Amino acid sequence: MSIYIYIYIYIYICIVYTCDQCRYTGKSENEMNIDDEETRSKYPFVSILSMSGGDGDNSYSSNSLLQRRVLSMTKAILVKNTKEMMTNLGFPKCIKLADLGCSSGQNTFLVISEIVNTINLLCQEWNQNPPEIDCCLNDLPGNDFNTTFTFITFFNDKLTSKIPCFVSGVPGSFYSRLFPRKSLHFIHSNYSIHYLSKVPDGLEKKRVYITSSSPLSEYKAYLNQFQRDFTTFLRMRSEEMVSNGRMVLTLIGRNTLEDPLYRDCCHWLTLLSNSLCDLVFEGLVSASKVNSFNMPFYDPNKEEVKEIVENEGSFKINDLETHVFDLGHSNEDFSFQSHRAQAGKKEASCIRAVTETLLVAHFGDAINIDTLFEKYAHHVSQHASCKNKTSVSLVISLIRN
């Protein structure tokens, strides 16, 4: 640990969501275990939506450059809201912040260090004593927290001050309560809120996700599920946050307002669906198994997000922006087949890192994951237009009323 950094790190991983919540609600351990069972029943994907763990070639830690680039894109909003939170709350002596959906790897520490360094700089400018900071890293219980905490030294090196920081892991679904009431000052989440608590009911289940040929009822089913889940997310956070606390959320969205079914040929789930269909055509997996697989995912547009926030009523929108993004190869020279193949492999590795756990849970030994993502890489390489992504990231900052 560097001499110029004075940092306390407490790492705890608890099986239930938090001991503080248990104490606050006055529930016994048995009652909390019952709640866990109810949560798993209500949210069947909470155990299988974790990113690929470890630090190997197919891990999320090694294939999350896109998410890192998105974090860089949202830095201005993150810094702005951190400063406003500190000044509006009168420079509290202790700040509790949470990164929801932290996953595994170093990305979460890029966010946390940015917030901590911003607080330190602001305190220097205002001649204030820096606060102690409680940094809570949340993800599902199946998340690879061990790999995440191996980047503690990386976190230390990113800090520019001697502010005491207490880092902890908080396993649990963010569609449930995770923290005591009115305890959080700042919440961040990057590329997590677009995952739903379940696949919507009533789907025809012939494609992995919405396509231009899907019935309108499929779009409505996904939208309704997102409305329910995002409303639940906001209600849970409204109980946990102090008044004037801040929340910065980034999620995959879309720009299209006129045609709710539009997903271009290069949409990552369209490519995944095409790759699964290739395996069916080649007799490598059954059509029924593929037809029964749907992603618990929704990419809302700005107006849909805005409406949900306003209807829920606990938060005021401070910023709401859309940013076009790609999967890291928009500057590749696609004039050569070798370059297209390279771009295809890059994207396939990225998508594999975020979907493999879910795919294995559904297909088991009935599918060869290596073969599937070889197909995926091939599809990317065959579409030169894939280098010009039309997908977007939505960035929204909220103020607790």
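**Figure 1. Arg-177 and its polar partners in the predicted model.** In this predicted model, the side chain of Arg-177 makes a polar contact of 2.8 Å with the side chain of Glu-239. Arg-177 also reaches a piece of backbone: a polar atom of its side chain lies 2.6 Å from the backbone oxygen of Phe-179. As for where to look, Arg-177 lies in the loop between β3 and β4. Despite that loop position, Arg-177 counts as buried, because its relative accessibility is 10% and the cut-off for buried is under 20%.

**Figure 2. Ser-314, a loop residue with company from elsewhere in the chain.** Ser-314 sits in the loop between α11 (302-312) and β6 (315-324). Its side chain is joined to that of Glu-312 by a polar contact of 2.8 Å. If you set aside the neighbours within four places in sequence, the residues in contact with Ser-314 are Ser-238, Ile-399, Arg-400 and Asn-401. Leu-234 is worth picking out as well: 80 residues separate Leu-234 from Ser-314 in sequence, yet their C-alpha atoms are 7.4 Å apart. With a relative accessible area of 12%, Ser-314 is buried.

**Figure 3. Strands β2 and β3, side by side.** Here β2 (residues 132-139) and β3 run parallel, joined by 7 bridges. To find your bearings, take Asn-138: its bridge partner in β3 is Val-170. Strand β3 itself spans residues 165-171 and is mostly covered, with 6 of its 7 residues buried.

**Figure 4. Helix α3 and its two faces.** Which residues of α3 are buried? In this helix (residues 65-73), they are Leu-66, Gln-67, Val-70 and Leu-71. These four cover an arc of only 145° around the axis, so they end up on the same side of α3. The spacing fits a familiar rule: an α-helix has 3.6 residues a turn, so residues three or four places apart point the same way. Turn to the face away from the buried side and you meet the exposed residues Leu-65 and Ser-72.

**Figure 5. Tyr-209 and Tyr-222, one of the aromatic pairs.** The whole structure holds 14 aromatic pairs. In this one, the ring centres of Tyr-209 and Tyr-222 are 4.9 Å apart and the planes meet at 80°, so the pair is edge-to-face. Tyr-209 lies in the loop between β4 (184-190) and α8 (216-240), while Tyr-222 lies in helix α8, so the pair ties together parts that are 13 residues apart in sequence. Tyr-209 is buried at 1% relative accessibility, and Tyr-222 is buried too, with a relative accessible area of 0%.

**Figure 6. Trp-268 and Phe-297, plus an aromatic cluster.** Trp-268 and Phe-297 form an edge-to-face aromatic pair, 5.2 Å from centre to centre with 85° between the planes. Trp-268 belongs to helix α9 (residues 268-281) and Phe-297 to the loop between α10 (287-291) and α11, so this pair links parts that are 29 residues apart in sequence. Both Trp-268 and Phe-297 are buried. The second part of this view is a single aromatic cluster formed by Phe-174, Tyr-175, Phe-226, Phe-230, Phe-233 and Tyr-298.

**Figure 7. Asn-127 and Tyr-191, with positive phi.** Asn-127 has phi near 55°, a positive value in a residue other than glycine. Tyr-191 also has phi near 55°, again positive and again not in a glycine. Asn-127 is found in the loop between α5 (107-125) and β2, and Tyr-191 in the loop between β4 and α8. Buried or exposed, what is Asn-127? With a relative accessible area of 70%, Asn-127 is exposed, whereas Tyr-191 is buried at 7%.

**Figure 8. Zooming out to the chain behind the close-ups.** The chain has 13 helices and 7 strands. Of its 401 residues, 57% are buried. Among contacts with a separation of 6 or more, 84% are between residues 24 or more positions apart. The chain exposes about 17100 Å², and carbon and sulfur atoms supply 49% of that area.

How values were computed: Residues numbered from 1 in each chain as written. Heavy atoms only, no water. Buried < 20%, exposed > 50% of the residue type's maximum accessible area, 1.4 Å probe, protein only. Helix = DSSP H or I, 4+ residues; strand = E, 2+ residues; numbered from the N terminus. Pairing = 2+ DSSP bridges. Contact = heavy atoms within 4.5 Å. Areas by Shrake-Rupley, 256 points an atom, 1.4 Å probe, with all protein chains shown as cover. Arc of directions from axis to C-beta. Polar contact = N/O pair within 3.5 Å; in protein donor to acceptor, adjacent residues only side chain to side chain. Phe/Tyr/Trp six-rings, centres within 6.5 Å; stacked < 30°, edge-to-face > 60°.
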